[in-house]
Amino acid sequence: MLIARILKNDRGGQIFLALLLLLSVLVPLLNLGLPKGHALHVSTYTLTLLGKYLTYALLAVSVDLVWGFLGILSLGHGAFFALGGYAMGMYLMRQIGDRGVYGNPDLPDFMVFLNWQELPWFWHGFDMFWFTLIMIVLVPGVLAFVFGWLAFRSRVTGVYLSIITQALTYALMLAFFRNEMGFGGNNGLTDFKDILGFDLQSDATRVGLFLASALALAAGYLACRAIINSRLGRVAIAIRDAEDRTRFIGYRVEHVKLWIFTFSAILAGIAGALYVPQVGIINPGEFSPLNSIELVVWVAVGGRATLYGAVLGAMGVNYAKTWFTAALPDGWLFALGALFILVTVLLPKGIIGLLTRRGARS
Amino acid sequence: MGVINMAHGELIMLGAYTTFIIQQLMPNTIALSVIVAIPAAFIVSGATGILIERSIIRFLYGRPLETLLATFGVSLILQQLVRSLISPQNVPVSNPDWMSGSLAINEVLSLTYNRLYIFLFCLIVFAALYILLRRTTLGLQVRAVSQNRAMARAMGVRSERVDAMTFGLGAGVAGIAGVALSQLTNVGPNLGQAYIIDSYMVVVFGGVGNLLGTLVAGLSLGVANKLIEPSAGAVLAKILVLVFIILFIQKRPRGLFPQKGRAAEH
């Protein structure tokens, strides 16, 4: 079996995929099968929250692929996530049709509000789902390809690359805040009604989105693991550890970097596209540099260069965030800041590193 | 020093808040307060910088990406600290009399005094920093350590102390910048974040480890931004400048004035 071959020698991955399978069977069953009020009933709120975490986990896996195995610290992956999200948001916007506040069948509400007469050219096609799917892959992919081609060709590396990626997401954030761009300005896209004809508010659709996220995470994980196991992955690790030597041996370092970076951006875009229907809104805040840096910390907390560590980190940090913002709203930034410092100074290999070290000692 | 400090914007913010606190302490002598605030901000930000260096950054030398993340954590903590201790809202900082008003050259052109003073002030700080790095023993040691740490240590430079001093100096200058900024813009917890990306763009554009490059880059980027602004709007101007820098890096990956020699390899 293909999956068995990919996961050979990857015990963490086997455990993770088994847990993910268990989660994606158990949670929908407990949500749909049991009546409300039952002790084991999983509320739709929890289900959607878990679905959201799964998309974050996919995003974290995509960051771990470039950071952990290629040594590129991208502080702009949130941009690809948000672009995928916007593509999906545009489709959902078009699905509203004439049920918006202004009841205009041709234009989304915010365009009517801005007195626009017709749909801008880049909105055409987003009423078709297949076109949207292509765009979800294409838009982040092409941006990453062009950006990566420019950056890697001229050998922008290390912290300079990090800062440039941060500038990229910052520039996009400023651009999307503009009403003239035609993406809803600072309100973003929201008020979604249904996806593929299914009501977004119904429990069954939520379960469907949850399962889609779990499936995407599993597929994304396997794809990343397959890349790492391949020859390309070995060259990537060589680049991470000694870029100049790899270049001198004769590998085209910039090509390897470019393809893996682009693939990772596409994964991030898919995660964003699954994220939007579950939270019901996408706005330019998703582009903010803070988001992109935060997701790097998920990976750092879980453990770099393990992939499953990224999943663990994304889930753990976001659970803590949900808990903190409810219980101690002021404390969250302190906790996050302390996490940044503690992980980098004391736990360079993250939680997974801590666990495996314990395991090796006993 | 080869350290990217993401908390630098927050050190600027601390300088601005120091101005605010000093004005609260001496409400009757606003005219003097700004003068007092300059050394105070230097000390507050400088001490914070040394604290950050001693407690966090020194464990991370040689790991620039981790340094970036850890200092970002520091910046989050400092922001939230200001929010919790002082206020999440902007605080009012008043301009002293001798800095308000404007110098009318003719009917169309008039320059506000506070901007003129700040312009002069920046030139003075720049000159002082230049002299410090080029003409003093400390400056010599700083440059020696940044170019070749092992060799500098072998020659008897106490590199750890130099690290702390350099970092404190950089932080102190950021604090002074905060005093100047408090006269121009709103002082709030997000003050630093707004400037951090701009300031790194300036450094990337000008070339790292080069004061003159930074000055040229800072001035030219600022002027370019303002020149595009009337025709394209403030936000679009900023985006254009960012795109320009991304393209510029293609031609000159190490900035306008790259470092030469062995130091350039790191």
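Of the contacts in chain B with a separation of 6 or more, 69% are between residues 24 or more positions apart. This is a predicted model, and chain B is a good place to begin reading it.

Along the sequence, chain B runs α-α-α-β-β-α-α-α-α-α-α-α, which comes to ten helices and two strands. Out of the 266 residues in chain B, 42% are buried. What the chain does expose is about 13,600 Å², and 66% of that comes from carbon and sulfur atoms.

How is chain B divided? There are two pieces: domain 1 takes in 1-90 + 114-189, and domain 2 covers 194-266. Measuring over C-alpha atoms is how the centres were taken, and they sit 21 Å apart. Where the two domains of chain B touch, domain 1 brings 13 residues and domain 2 brings eight.

Now over to chain A, starting with A:Q278. This glutamine sits in helix 11, which spans residues 253-279 of chain A. Is A:Q278 buried or exposed? With a relative accessible area of 5%, A:Q278 falls under the 20% cut-off, so it counts as buried. Its side chain has two polar partners worth a look, set out here.

| Partner of the A:Q278 side chain | Part of the partner | Distance |
|---|---|---|
| A:S213 | side chain | 2.7 Å |
| A:L274 | backbone oxygen | 3.2 Å |

A:S213 turns up again once you leave aside neighbours within four places in sequence: A:Q278 is then in contact with A:T48, A:G51, A:K52, A:T55, A:R206, A:L209, A:F210 and A:S213.

Chain A also carries a nonpolar patch on its surface. Its members are A:M128, A:W130, A:I134, A:L138, A:V139, A:V142, A:F145, A:V146, A:W149 and A:W259, and together they have about 950 Å² of accessible area. Which helix gives the most to this patch? That would be helix 6 (residues 129-153) of chain A, with eight residues.

One patch member to pick out is A:V139, which is found in helix 6 of chain A. A:V139 has a relative accessible area of 30%, so it lands between the 20% and 50% cut-offs and counts as partly exposed. Set beside it, A:Q278 in helix 11 is buried at 5%.

Terms used: Residues are numbered from 1 along each chain as its sequence is written. Chains are lettered from A and ligands numbered from 1 in the order in which they are written. This is a predicted model: local features need pLDDT of at least 70, side-chain atom pairs count only at pLDDT 80 or more; totals for chains, interfaces and linings use all residues. Side-chain values use heavy atoms; hydrogens and water are left out. Helices (H or I, at least four residues) and strands (E, at least two) are DSSP runs, numbered from the N terminus. Buried means under 20% relative accessible area, exposed over 50%, partly exposed in between (1.4 Å probe, protein chains only). A polar contact is a pair of N or O atoms within 3.5 Å; within protein, one must be able to donate a hydrogen and the other to accept it, and residues adjacent in sequence count only if both atoms are side-chain atoms. Contact means heavy atoms within 4.5 Å. Patches are made of residues with over 30% relative accessible area and no salt bridge: like charges are joined within 9 Å, nonpolar side chains (Val, Leu, Ile, Met, Phe, Trp, Tyr) within 5 Å. Accessible areas come from the Shrake-Rupley method with a 1.4 Å probe; for residues, only the protein chains shown count as cover. A salt bridge is a side-chain nitrogen of Lys or Arg within 4 Å of a carboxyl oxygen of Asp or Glu. Domain bounds come from an automatic or database domain assignment.
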